[in-house]
Amino acid sequence: MALNESRWNDSYLVKREAYIVKRDAMNGQMDSEPSRFTNDASRATAEKTLIDCHVHLAALPDGDNGCYLSPKLLKSPLFRFLLWKHQFAPDKPREANQKYLDDLLGELRASRHVQKAVLLGMDGVYDQNGELNQVHTDFQISNDYVLKTARAYPDEFLAGVSINPQRRDAVEEVHRCADAGATLVKVLPNAQQFNPADRRYKMFYRALAERKLPFLSHVGYEFSLIGKDQSVGDPDRLKLALEEGTTVIAAHACSYGLMLYEKFIPTFHEFAKRYPNFYADISALTLPNRMRMLLHLRRYPEIHERLLFGTDYPLSVFHLAAWGRVALSTLRDILQTKNRFDRQVSICRELGLSFRSLDDIMVRPKL
Ligand SMILES: [Zn+2]
């Protein structure tokens, strides 16, 4: 741990140094808006260089993309609403899937700040023997589809595969995906029905550490899953992965997602102090049910270096958090920013919340 820590610190100092050089070089050009650049992380957002580490890939099964939707989900009002809202034709899956990508590519290419998005897959539920339990699986976005899509648009997308550690071939899948160029591994324990603290997953976490693949885990309550075990969304259960040396990214900055109180705030602060390999993404923090965490974090600049940029696309980016907290002219700019990637950057920056880009913490030089 000590060695890792000093290596992390060294690389952080080198990066920090690089930012200071970049900032000094940029200062001349930024004279008109000096107050907007109040810290190193927000300076980095002055260019189209950010990576969004939390973008959902959605797809209908098209016969050979390995994706799945349960009959229950197909009939649900939320799913029907999404189809209607995005004008997807469920009887033409190939066209609908391409339309989802085209919409995302259009918005990403138009962003002033965000260069690339990590597309997230979704693994299923596995039984005690590590076999896929199709009955309990609501939907799957296959790793092959994520990898293939990222390969098709290398300037815009990175592959965020999903591997449920409960699957029998979890370790092999880590190596297969790493060899195929995956950037990180995403899980949603509440939906995938596994306990991240289960010690049987040690080898899985070691494989992630060995292949330098960050483990992005959903944290908190999951609304679409009423009736399932929500306690597995407790970030305390990520300790095992952290202690095995895996880089862990807690989604939504450990926000609980239930509006009234943020029960994981002490865990966030404790982990940030204790584990140099612990990070959190800022995705979905403008949502009314997670906004409390956003407002909390802006008061703790010392932990902003652990925050990574993310949106939770295709979710909306709300402007409620900015009301009464930024100047009226700034609020008007935010309201006029329709691009969700840019709106997330502006709101967080204007509220004084800094963040880093995923490539900033990756050990591998290429991104
Ligand atoms: Zn998400």
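Leaving aside its neighbours within four places in sequence, which residues is F204 in contact with? In this predicted model, the contacts of F204 are I163, P165, A170, V171, V174 and F215.

F204 also has a place in a wider grouping. The largest nonpolar core has 88 residues, and F204 is listed with F157, F215, F268, F278 and L297 as those with the most contacts inside it. The element that gives the most to this core is helix α5, residues 93–110, with six residues. Another core lies apart from it; this one has 14 residues, including L158, L184, A251 and Y279.

F278 and Y279, named in separate cores, both belong to strand β9, which covers residues 278–281. In a regular strand, side chains alternate between the two faces of the sheet. In β9, F278 and A280 point one way, while Y279 and D281 point the other way. All four of these residues are buried.

Strand β9 has a partner in β8, residues 248–250; the two run parallel and are joined by three bridges. Within this pairing, I249 has Y279 as its bridge partner. Strand β9 also pairs with β10, again in the parallel sense, over two bridges. Here D281 stands opposite L308 of β10. Between β9 and β10 the chain passes through helix α12, residues 291–297, in a β-α-β crossover that is right-handed. L297, one of the residues with the most contacts inside the largest core, is the last residue of that helix's range, 291–297.

The next feature is the metal site. The zinc ion is coordinated by H54 and H56, each through NE2, and by D312 through OD, at 2.1 to 2.2 Å. The spacing of these donor residues in sequence is H-x1-H-x255-D. H56 and D312 link distant parts of the chain, 256 residues apart: H56 is in strand β1, residues 50–56, and D312 is in the loop between β10 (307–308) and α13 (328–336). The two donors differ in exposure: D312 counts as buried because its relative accessible area is 7%, under the 20% limit. H56 has a relative accessible area of 25%, so H56 is partly exposed.

Finally, there is the question of confidence. The average pLDDT of the protein is 84, and 83% of the residues score at least 70. Over residues 1–45, pLDDT stays under 50, and the model has 43 contacts beyond four places in sequence for this stretch. Where pLDDT is low, predicted coordinates should not be read in detail.

Definitions and conventions
Residues are numbered from 1 along each chain as its sequence is written. This is a predicted model: local features need pLDDT of at least 70, side-chain atom pairs count only at pLDDT 80 or more; totals for chains, interfaces and linings use all residues. Side-chain values use heavy atoms; hydrogens and water are left out. pLDDT is the predictor's confidence in each residue, from 0 to 100. Contact means heavy atoms within 4.5 Å. Donors are N, O and S atoms within 2.8 Å of the metal (3.2 Å for Na, K and Ca); water is not among the atoms, so sites may look incomplete. Helices (H or I, at least four residues) and strands (E, at least two) are DSSP runs, numbered from the N terminus. Buried means under 20% relative accessible area, exposed over 50%, partly exposed in between (1.4 Å probe, protein chains only). Two strands pair if DSSP finds at least two bridges between them. A crossover is right-handed if, with the strands pointing away from the viewer, the path from the first strand over the helix to the second runs clockwise. A nonpolar core is a set of buried Ala, Val, Leu, Ile, Met, Phe, Trp, Tyr and Cys residues joined through side-chain atoms within 4.5 Å.
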